[in-house]
Amino acid sequence: MIAGINSTLPAWSQTAKAEDSSQLRAQVSDDSAISSLTTYAQQINAPQSTGAKTAQGPQFDDQTFAALQSFAQSMGSDKPASLKGQTKLADADNLMDWLSQPKGAPAPEAKPAKGPAAKGKHTGAPVEAHFVGDKVCSTCHSGQIAEFQKTLMGRISLTQPGKFACENCHGPGSAHVKAGGGRGVGGIMSFEADDPRTSEEKNSVCLACHQRGDRTNWAGSVHEERGLACVNCHTIMQAVSRKNQLKTAFEPDTCFQCHKDRQAQMYRSSHMPLREGKIVCSDCHNPHGSFTEALLKKDSINDTCYTCHAEKRGPFLFEHEPVRENCDNCHDPHGSINEYSLKLSRPRLCFECHGFGHGQATGPGSVFTMGRQCQNCHTAIHGSNSPAGGALQR
Ligand code: HEC
Ligand code: HEC
Ligand code: HEC
Ligand code: HEC
Ligand code: HEC
Ligand code: HEC
Ligand code: HEC
Ligand code: HEC
Ligand code: HEC
Ligand code: HEC
């Protein structure tokens with residue numbers, strides 16, 4: 001599948017190849033390069049004396065880094081090696097295994113860690129690369145790996161090795177490693193917004209395992225069509241939210257990144273207890289897509305409301321038609337400035353539909369519009385079960 005990602009991008013790979021041939025012709029995968037990598041491999045396989053080797057620059061062991069860097073610079077081949085030519089390496093579990101029995105196979109091409117790409121900007125385009133295995137990544141990224149192992153997927157990776165291998169998600173990393181690592185280097189998939197790959201390609205990595213269940217309707221959903229990536233809402237390498245790997249600890253904040261208008265509504269005087277943390281957006285919406293309008297989880301607006309306000313479902317002896325039809329006739333579920341999240345203040349709300357008889361907009365002081373107004377008498381606004389409640393008055 002990862003190979004599929006790269007092959008869907010011939011344009012990018014070609015740019016990368018062109019750069020490579022003009023910029024780094026000379027280097028050959030001679031024996032000295034292999035042996036220096038082997039030395040390096042032995043170094044990092046040996047029990048580590050320095051505890052923290054993270055990717056955070058300065059903490060990284062200078063000596064091993066220098067060894068790897070010099071290897072990276074001496075490597076890179078004139079001729080782009082196809083994946084086919086490297087079956088032996090691909091068959092090995094990881095680069096470490098491969099190195100322990102050097103075969104002098106042609107070295108794959110690499111993108112050097114020079115130029116603007118090394119300065120922390122994502123300029124990397126997917127380049128041809130192959131899999132090197134987690135051990136290699138862990139030499140520089142032990143910090144991130146420790147964090148990852150606190151997440152649900154990371155915990156599973158401890159008991160099911162290989163299932164969450166770094167390169168399953170990030171794509172083959174040999175070019176990234178050879179270039180000495182860095183942001184946007186070696187075509188490693190960063191998932192960030194400035195990664196040159198499209199959202200669709202980024203998402204396909206996740207959907208390979210997560211296409212079913214809640215994501216059945218992802219394809220064609222509003223969020224998919226507007227180009228959202230899974231990582232707009234999810235973070236993977238660290239556990240930020242208590243569950244669901246969301247970007248923010250509090251789910252609505254994830255949505256408020258983009259839905260500022262809804263955020264504003266939540267802070268109106270009248271609202272369901274979202275900001276108090278009792279319910280969340282996904283109690284009503286499935287952000288991954290649904291069969292219903294507005295990404296609602298249930299078949300209709302009313303069915304959505306009934307999941308919590310079951311008493312409003314009835315059945316009633318005397319129904320109030322607009323309630324049956326749609327709770328949103330009177331309420332705004334995201335909050336409003338009127339009591340009970342009503343769309344309009346009363347009695348104006350009632351006048352939207354009732355313009356005759358005593359339900360008319362009579363002048364101020366009318367017996368029908370004083371105090372609690374219409375509902376002084378018509379109390380059972382959602383429906384009545386009293387035999388004498390025909391006018392919803394009890
Ligand atoms: C399930 C897919 C997945 C796996 C497995 C995975 N990653 Fe990631 N990684 C991501 C995503 C998605 C991001 C983008 C940032 C985020 O969402 O946290 C990322 C970001 C990163 C970053 C950049 C972090 C930063 O600060 O910008 C590094 C480094 C990284 N991963 C290394 C690794 C290593 C090393 C492994 C192997 C243990 C690994 N990843 C395994 C999905 C994955
Ligand atoms: C030689 C050390 C080294 C090795 C080995 C290495 N990386 Fe990196 N990697 C880095 C450095 C340095 C960065 C930049 C980190 C930063 O700026 O915080 C980086 C960044 C990344 C990023 C973020 C890229 C971006 O564009 O933001 C990912 C993802 C990543 N590495 C994955 C991997 C994976 C997967 C492996 C194993 C195949 C691996 N790395 C092996 C040094 C390394
Ligand atoms: C190799 C298969 C695989 C890949 C690839 C993968 N996941 Fe997962 N993911 C799992 C498994 C297994 C779980 C454990 C829970 C489960 O069974 O649903 C999980 C759990 C999750 C959870 C729930 C975490 C929780 O705490 O409840 C989220 C969110 C998630 N993955 C998002 C993603 C995203 C986003 C990506 C792409 C960057 C991704 N996954 C890639 C297999 C995968
Ligand atoms: C608009 C924000 C958003 C986007 C985009 C998004 N998610 Fe989610 N995801 C959520 C929220 C919120 C939850 C928790 C509530 C829920 O389960 O609906 C969640 C839960 C999950 C879970 C764990 C619960 C479950 O359904 O198994 C997985 C796995 C998951 N998402 C995968 C993905 C994948 C894969 C993608 C990309 C195709 C993706 N998500 C895109 C917001 C999002
Ligand atoms: C990265 C930005 C982004 C994030 C984060 C995001 N959305 Fe959206 N959402 C959009 C865009 C863009 C649209 C389309 C708006 C439009 O067409 O007017 C949209 C539309 C919607 C719609 C309307 C669907 C329809 O059929 O009209 C709902 C409901 C929605 N989002 C819910 C959520 C929820 C819940 C979350 C948090 C879990 C969330 N969104 C997070 C960008 C985002
Ligand atoms: C109590 C249920 C409920 C909750 C909680 C809820 N919504 Fe909604 N949302 C709805 C209903 C019902 C609709 C469709 C009717 C409408 O447009 O008002 C909707 C519509 C939307 C729309 C589309 C509006 C349009 O004009 O098409 C967006 C965007 C949205 N919700 C975002 C959110 C976000 C973000 C949250 C969390 C902060 C959230 N919703 C929480 C019930 C809810
Ligand atoms: C996930 C559960 C849940 C769902 C779904 C839900 N509500 Fe609520 N709603 C609540 C809770 C909890 C309260 C607060 C009750 C309290 O404070 O006694 C509430 C309160 C209300 C209130 C009173 C608000 C106020 O200011 O006093 C109204 C009106 C309301 N909901 C309408 C709706 C409508 C309309 C829908 C469907 C679009 C809906 N609810 C769906 C949980 C939910
Ligand atoms: C005709 C307008 C109207 C419609 C339609 C409507 N309501 Fe209401 N609702 C009101 C009014 C007015 C109040 C103010 C309190 C009262 O009089 O009971 C209210 C109050 C509420 C309350 C808070 C007080 C209570 O009774 O618990 C909830 C919850 C509620 N409505 C849920 C719903 C649900 C769910 C639906 C859809 C099935 C719905 N409403 C449809 C007018 C309406
Ligand atoms: C969205 C439109 C709408 C709104 C808003 C609305 N109603 Fe109604 N109401 C109706 C309809 C439709 C009927 C059924 C009329 C009929 O059967 O002739 C009705 C019927 C009634 C009846 C008579 C029931 C009967 O069977 O004779 C009363 C009383 C009533 N509404 C009170 C109110 C009050 C009080 C409000 C304001 C809180 C209100 N309505 C808001 C649409 C609405
Ligand atoms: C003082 C009590 C009272 C108040 C206040 C009141 N009503 Fe009524 N209303 C009634 C009674 C009693 C009936 C039943 C009349 C009948 O059976 O002939 C009724 C009947 C209705 C009906 C049924 C159709 C009709 O006209 O006979 C509607 C609609 C209605 N009221 C709407 C409203 C609206 C809207 C308001 C607020 C402006 C309101 N009412 C205020 C007592 C009241």
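Trainee: Is Tyr340 buried or exposed?
Mentor: This is a predicted model, in which local features need pLDDT (the predictor's confidence in each residue, from 0 to 100) of at least 70, side-chain atom pairs count only at pLDDT 80 or more, and totals for chains, interfaces and linings use all residues. Residues are numbered from 1 along each chain as its sequence is written, chains are lettered from A, and ligands are numbered from 1 in the order in which they are written. A residue is buried if 20 or more other C-beta atoms, placed from the backbone, lie within 10 Å of its own, exposed if 12 or fewer, and partly exposed in between. Tyr340 has 10 other C-beta atoms within 10 Å, so Tyr340 is exposed.

Trainee: What is the phi of Tyr340, which is not a glycine?
Mentor: Most residues other than glycine have a negative phi. Tyr340 sits in the loop between α18 and α19, where helices are DSSP runs of H or I with at least four residues, strands are E runs of at least two, and both are numbered from the N terminus. Its phi is positive, at about 55°.

Trainee: And why does Ala294 count as exposed?
Mentor: Ala294 lies in the loop between α16 and α17 and has a positive phi near 50°. Ala294 counts as exposed because its C-beta neighbours inside 10 Å number 11.

Trainee: Which residues come nearest to ligand 6?
Mentor: Happily, Ala294 turns up again here. A residue is near a molecule if its C-beta atom, placed from the backbone, lies within 6 Å of it, and ligand 6 has 19 residues around it. Four helices, α14 (251-256), α15 (260-266), α16 (281-284) and α17 (301-306), each supply at least two residues of this shell. The nearest residues are Cys255, Cys281, Cys284, Ala294 and Pro333.

Trainee: How do the residues of the shell around ligand 6 divide by class?
Mentor: Ala, Val, Leu, Ile, Met, Phe, Trp, Tyr, Cys and Pro count as nonpolar, Asp, Glu, Lys and Arg as charged, and the others, Gly among them, as polar. On that basis the shell around ligand 6 divides into 12 nonpolar, 4 polar and 3 charged.

Trainee: Which helix gives the most to the shell around ligand 3?
Mentor: Of the 17 residues around ligand 3, the nearest are Leu152, Cys206, Cys209, Cys230 and Gln245. Both domain 1 (2-197) and domain 2 (213-311 + 327-342) provide at least three residues each, with the bounds taken from an automatic or database domain assignment. Helices α8 (152-159), α9 (166-170) and α11 (199-210) each supply at least two residues. With 5 residues, the helix that gives the most is α11.

Trainee: Which residues are the closest to ligand 1?
Mentor: Ligand 1 is surrounded by 18 residues, with 12 nonpolar, 5 polar and 1 charged. Helix α7 (134-148) gives the most to this shell, 6 residues. The closest are Cys137, His141, Cys166, Cys169 and Phe191.

Trainee: Which helix gives the most to the largest nonpolar core?
Mentor: A nonpolar core is a set of buried Ala, Val, Leu, Ile, Met, Phe, Trp, Tyr and Cys residues joined through C-beta atoms within 7 Å. The largest has 12 residues, among them Met189, Phe191, Cys230, Val231 and Cys233. This core draws at least three residues from each of domain 1 and domain 2. With 3 residues, the helix that gives the most is α13 (residues 230-233).

Trainee: What does Cys233 touch, not counting residues up to four places away in sequence?
Mentor: Cys233 is one of the 12 residues of the largest nonpolar core. Two residues are in contact if their C-beta atoms, placed from the backbone, lie within 7 Å. By that rule Cys233 touches Leu246, Lys247, Thr254 and Pro287.

Trainee: How far apart in space are Pro172 and Met189, C-alpha to C-alpha?
Mentor: Pro172 is in the loop between α9 and α10 (174-178), and it counts as buried because it has 26 C-beta neighbours inside 10 Å. Pro172 and Met189 are 17 residues apart in sequence, and their distance in space is 8.9 Å.

Trainee: What is the omega of the peptide bond from Gly314 to Pro315?
Mentor: Most peptide bonds are trans. This one, leading to Pro315 in the loop between α17 and α18 (321-325), is cis. The bond from Arg346 to Pro347 is cis as well. For Gly314 to Pro315, omega is near 5°.

Trainee: What is the mean pLDDT of the protein chain?
Mentor: Over residues 44-61 the pLDDT is below 50, and it stays under 50 over residues 70-95. Across the chain, 63% of residues reach 70 or more, and the mean is 74.
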